[in-house]
Amino acid sequence: MNLQQLKYVLAIYKEGSITKASHALFCAQPNVSSALKSLESELHIRIFDRTLNGVELTPQGEAFISYAVNIMAQVERLENIGNESVEIPASLGISVSRASYCTQALSLWMNEEIRPEQPLSLHFCETNTEKVIDQVFRAESDLGVIRIPAFYESYYGQLLANKNLCHTLLMRFQMLLVMRRDHPLAGKADITPDMLKRYTEIVHGDHRNPSMTMARIDPLLQETPPRRIYVYDRGSQIDLLKTLPGAYMWASPIPEDILEEAGMILRSSSMAKVYNLDLLIRRKNSPENTMAKSFADYLKKYAERLANEADNCSAEKEIK
């Protein structure tokens with residue numbers, strides 16, 4: 001096994017076919033096919049299943065790829081350590097399910113933990129749970145945050161283990177309603193499904209499956225709200241909540257200063273019966289990344305503090 005073979009196999013995985021990989025590598029397709037066959041023969045495994053549309057990873061292939069990306073990342077670091085006269089930019093990739101507190105934690109962490117003159121190459125991607133898992137698995141991101149209903153914890157735990165990923169609990173919470181402070185329902189003692197029917201729900205477009213959306217709130221609520229707008233970024237989400245009368249959205253706990261600035265409030269509801277989990281994920285046995293560890297530790301403490309504040313706020317409302 002050599003580095004060129006690893007490079008070829010990772011290109012096949014990234015491009016989805018041997019033909020596309022050969023084009024991306026600017027080399028002949030027979031050379032790429034030969035390298036793959038030689039590697040599979042040497043290791044006595046099958047990395048890919050060939051299909052009409054290209055290739056798909058086998059279970060053995062998934063394990064192989066998780067190690068291969070780590071090896072190539074280490075090789076890249078070795079190639080860059082020779083130039084000691086210039087401080088090499090620290091690299092960090094983060095993929096998260098859309099959550100305001102993750103973005104806020106990132107800003108606070110950089111202000112508190114990163115030197116102003118520190119060279120830094122940071123990639124921050126907000127997307128859905130499936131893409132977060134894939135980006136961490138592919139080593140496109142060092143860390144990921146996924147959001148799942150608690151009753152899916154066992155399933156996702158096994159899925160992550162199969163991809164050689166480990167996870168840590170960040171936050172356990174019930175979904176909350178976010179709306180303008182002057183929303184007609186803002187002062188209600190409780191908010192029921194019937195009350196929400198006349199208003200527009202803002203939904204993340206990556207979760208267009210109604211059953212999955214409701215699974216985060218209450219799986220027994222089968223009826224999809226009649227008025228919905230699907231959005232794909234938090235900027236549009238906030239703008240619509242601020243400018244569209246009666247708009248609302250289900251969300252995780254949100255830092256108070258973000259709510260204050262946007263003129264929003266969070267409301268708990270008896271509708272929300274399901275607990276959700278935000279999990280921090282990373283690759284097992286990946287090269288030590290000091291910056292990734294620093295942010296992971298900061299995010300865990302920040303999420304824990306935010307969850308405690310949300311619990312205390314809910315308890316105070318119940319007492320009143």
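**Exercise 1. A salt bridge at Arg-180**

With which residue does Arg-180 form a salt bridge, and how far apart are the closest N and O atoms?

Solution. The model is predicted, so local features need pLDDT of at least 70 and side-chain atom pairs count only at pLDDT 80 or more, whereas totals for chains, interfaces and linings use all residues. Residues are numbered from 1 along each chain as its sequence is written, and side-chain values use heavy atoms, with hydrogens and water left out.

Step 1. The criterion for a salt bridge is a side-chain nitrogen of Lys or Arg within 4 Å of a carboxyl oxygen of Asp or Glu.

Step 2. The partner of Arg-180 is Asp-182, with the closest N and O atoms 2.9 Å apart.

Step 3. Accessibility is classed as buried (under 20% relative accessible area), exposed (over 50%) or partly exposed (in between), using a 1.4 Å probe and protein chains only. Arg-180, at 23%, is partly exposed, and Asp-182, at 53%, is exposed.

**Exercise 2. Linking H3 to S1**

Determine which parts of the chain are tied together by the salt bridge of Glu-40.

Solution. Step 1. Glu-40 pairs with Arg-50, their closest N and O atoms lying 3.5 Å apart.

Step 2. Helices (H or I, at least four residues) and strands (E, at least two) are DSSP runs, numbered from the N terminus. Because Glu-40 belongs to helix H3 and Arg-50 to strand S1, the pair ties together parts 10 residues apart in sequence.

Step 3. Glu-40 is buried, at 10% relative accessible area, while Arg-50 is partly exposed, at 43%.

**Exercise 3. The largest nonpolar core**

Describe the largest nonpolar core and locate it relative to the domains.

Solution. Step 1. A nonpolar core is a set of buried Ala, Val, Leu, Ile, Met, Phe, Trp, Tyr and Cys residues joined through side-chain atoms within 4.5 Å. The largest has 42 residues, and Tyr-101, Trp-250 and Leu-299 have the most contacts inside it.

Step 2. Elements that each supply at least two of its residues include H5, strand S3 (90–97) and strand S10 (248–251). Helix H12 gives the most, with 10 residues.

Step 3. Domain bounds come from an automatic or database domain assignment. Domain 2 (93–173 + 276–316) and domain 3 (176–273) both give residues to this core, so it lies between them.

**Exercise 4. Backbone outliers**

Identify the sign of phi at Phe-26 and His-44.

Solution. Step 1. Most residues other than glycine have a negative phi.

Step 2. Phe-26 has a positive phi of about 55 degrees, and His-44 a positive phi of about 60 degrees.

Step 3. Phe-26 lies in the loop between helix H2 (18–25) and helix H3 (29–43), and His-44 in the loop between H3 and strand S1 (48–51).
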